[in-house]
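Subject: Structure for your files

Dear colleague,

Please find the structure below, together with its sequence. My notes on it come after.

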Amino acid sequence: MFNGVVQVQASETNAGQNSKNKPNLIVILTDDQGYKDVGFNGSTDIKTPFIDVIANEGTIFTNGYVTFPVCGPSRAGLLTGRYQGRFGFTSNPSPAPDADVGLPSSEKTIAEVLKPAGYTSGILGKWHMGGHADYHPNNRGFDYFFGFVEGGHRYFPEELTITDFSEVTKWSGWYYTKLMRNQERIETTEYLTDELSNEAVKFIEREKDNPFFLFVSYNAPHAPLQATEKYLNRYKHIKDKKRQTYAAMVSAVDDGVGEILKTLEKQGIDDNTIVFFLSDNGGPETKNASDNGELREGKGSLFEGGVRVPFAMRWPEKIPQGQVYTNAVSSLDILATIVGQADVDTSKNKPLDGVDLTPYLTGENDGLPHDALYWRHLRKDGQAVIANHNKMINLKNKKFLYDVANDVGETESLGSDNDTYKELNAGYQEWLKEMKPTAFVTLLEYKKIWLKQQKSKKNKNKKTKP
C-alpha cells in the first residue's frame with residue numbers, strides 16, 4: 001500500500017514533443033480481480049510482470065475507483081464516462097435478448113464519441129450492455145467485436161456449444177454460447193483468454209496507421225475457475241486449488257498484456273498510445289480466491305474492497321514514468337482523458353462526469369481531480385461518497401464515516417454526528433436527485449421469471465405424458 005503525495009521515481013518521457021497524430025487508447029479491463037492481485041499493489045504469490053510495466057512505466061493510482069461494485073453498472077459507467085445511475089443502469093441486466101434491456105441509445109459509448117474524430121474502435125471479450133441486436137457493439141459505435149454479449153462465459157472451446165440464447169435450458173446456460181465475430185457465431189480452438197489476447201494483437205496490427213480505441217474486456221479471472229496446464233504449471237507452489245487456478249487465470253491475462261505491449265512497440269506506436277489497466281470491481285474473495293489486501297469486503301460492497309481496484313495508466317509521450325498518484329480517480333476519467341487529449345468535440349453530447357487526468361499527472365494541475373465521487377446501490381439500500389480522504393457510507397439504517405487515508409481497512413467509524421458526515425451526506429443527497437430508477441429487468445428479477453417459466457414447462461410436460 002502506498003501513501004503520501006505523488007512520488008516521481010523516474011522521469012523518462014517525451015512530454016515536450018507534440019505528436020501530430022491523435023493518441024490511440026487501449027483499455028484493458030479484468031473481471032473480479034482483487035486489489036492486491038497485481039505486482040504493483042504488492043502481490044507476492046501471483047506474478048504480473050507485464051501488467052506491472054504499465055504501472056512502472058506510467059502511473060499507479062492507489063485510490064483508483066470504479067462506479068459500482070458489480071460488473072454491469074461498472075462497465076456502463078466506464079463506457080459512457082457518466083454515472084450509470086443517470087440512465088437507470090443500476091444493476092446487472094437480464095441476459096435475455098430483450099429490446100428494452102441494455103445501455104440506452106440516449107447515451108454514447110467511448111466508441112461513439114470517438115468515431116466523428118476519425119477513430120476506429122474494437123471490443124474484445126465481455127460486452128454485458130444488452131443482448132438484443134439494438135445493443136450489439138456493432139450498433140454502439142464499435143467497428144469490430146470479438147467476444148460474447150452476456151455477462152459471463154466458459155473458457156474452454158469444447159464447452160462452447162450453444163449458438164443462440166433460445167437454446168439455453170439451464171440457469172447460466174448462456175456461459176456456453178459460441179463466441180461472436182461481429183454478429184456471426186464462430187468456432188474457436190483456444191483457451192478464451194488467449195483467444196482475446198491474440199485478437200488484440202491482430203487488431204493493433206490492422207489499425208496501426210489509424211487512431212484507434214481498443215477495449216480488451218477480459219472476463220478473467222471471473223468464475224468459473226478454469227485454466228490450462230500452461231498457466232497452472234506456473235503456480236504449483238500454491239496449495240489452495242482455487243487460488244492456484246485463479247493465479248493461473250491472472251497469469252494468462254498478464255501474458256496477453258505482454259503481447260499487446262510488444263505489438264505496440266513493434267508497430268512503432270508505443271509512445272503515443274494511452275493504456276489503462278483496471279478491474280471492473282473488487283474481488284469476491286470467498287468465491288474466486290482473490291485478494292483485496294487490507295481493503296474491507298469485496299465485490300458487491302460499497303466498502304473499499306468493492307469499489308477500489310488495481311488501476312494504472314501508461315502514456316510514454318506525455319506521462320512521466322514511475323509515478324504513484326494517491327488522489328482519488330475514477331473509471332469515469334478514461335473517456336474524459338482521451339476526449340481532452342484528442343481534441344474531440346463533445347459540445348453536442350451530454351456532459352461527462354469524469355475529468356482529463358493528464359494535467360494532474362504532468363504537474364500542470366496540483367489540485368484534486370474530483371471534489372467528490374459517489375455510489376448508489378439500490379438493492380442494498382446503500383449510499384457512499386468520498387471527498388478527499390473522508391468517506392461516508394449509509395447502509396439501510398447504519399451510518400459510517402471513515403478517514404480512508406489513515407484507516408484504509410475501514411475498521412473504525414468516526415460516527416455520523418459530526419460536521420464532516422453531515423456535509424458529505426448533504427452533498428450526496430443533491431447528487432442523488434439527478435439519478436434515475438432502474439430502467440430494465442435486472443438479472444435477479446429475470447432469474448425469478450426464468451425459474452418460474454421452467455417450473456411451468458415441467459408441470460406442463462408431466463400433464464401431457466401418457
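What follows covers one helix, one loop residue and the nonpolar cores.

This is a predicted model, in which local features need pLDDT of at least 70 and side-chain atom pairs count only at pLDDT 80 or more, while totals for chains, interfaces and linings use all residues. Residues are numbered from 1 along each chain as its sequence is written, and side-chain values use heavy atoms, with hydrogens and water left out.

Helix H6 (helices being DSSP runs of H or I with at least four residues, strands runs of E with at least two, numbered from the N terminus) comprises residues 241–266. Of its 26 residues, 20 are buried, meaning under 20% relative accessible area with a 1.4 Å probe, protein chains only. At the N-terminal end of H6, Asp240 acts as a cap, with a side-chain oxygen 3.0 Å from the backbone nitrogen of Lys242, and after the helix comes Gly268, whose phi is positive, near 75°.

Phe89, in the loop between helix H2 (71–80) and helix H3 (110–114), is buried, with a relative accessible area of 0%. Its C-alpha atom is separated by 6.1 Å from that of Thr438, 349 residues apart along the chain.

The largest nonpolar core (buried Ala, Val, Leu, Ile, Met, Phe, Trp, Tyr and Cys residues joined through side-chain atoms within 4.5 Å) has 47 residues, and Leu25, Phe213 and Leu278 have the most contacts inside it. Apart from this core lies another, of 44 residues, among them Phe40, Val257, Val275 and Ala312.

Best regards

Methods. Expected span 1.5 Å × (residues − 1). Buried < 20%, exposed > 50% of the residue type's maximum accessible area, 1.4 Å probe, protein only. Polar contact = N/O pair within 3.5 Å; in protein donor to acceptor, adjacent residues only side chain to side chain.
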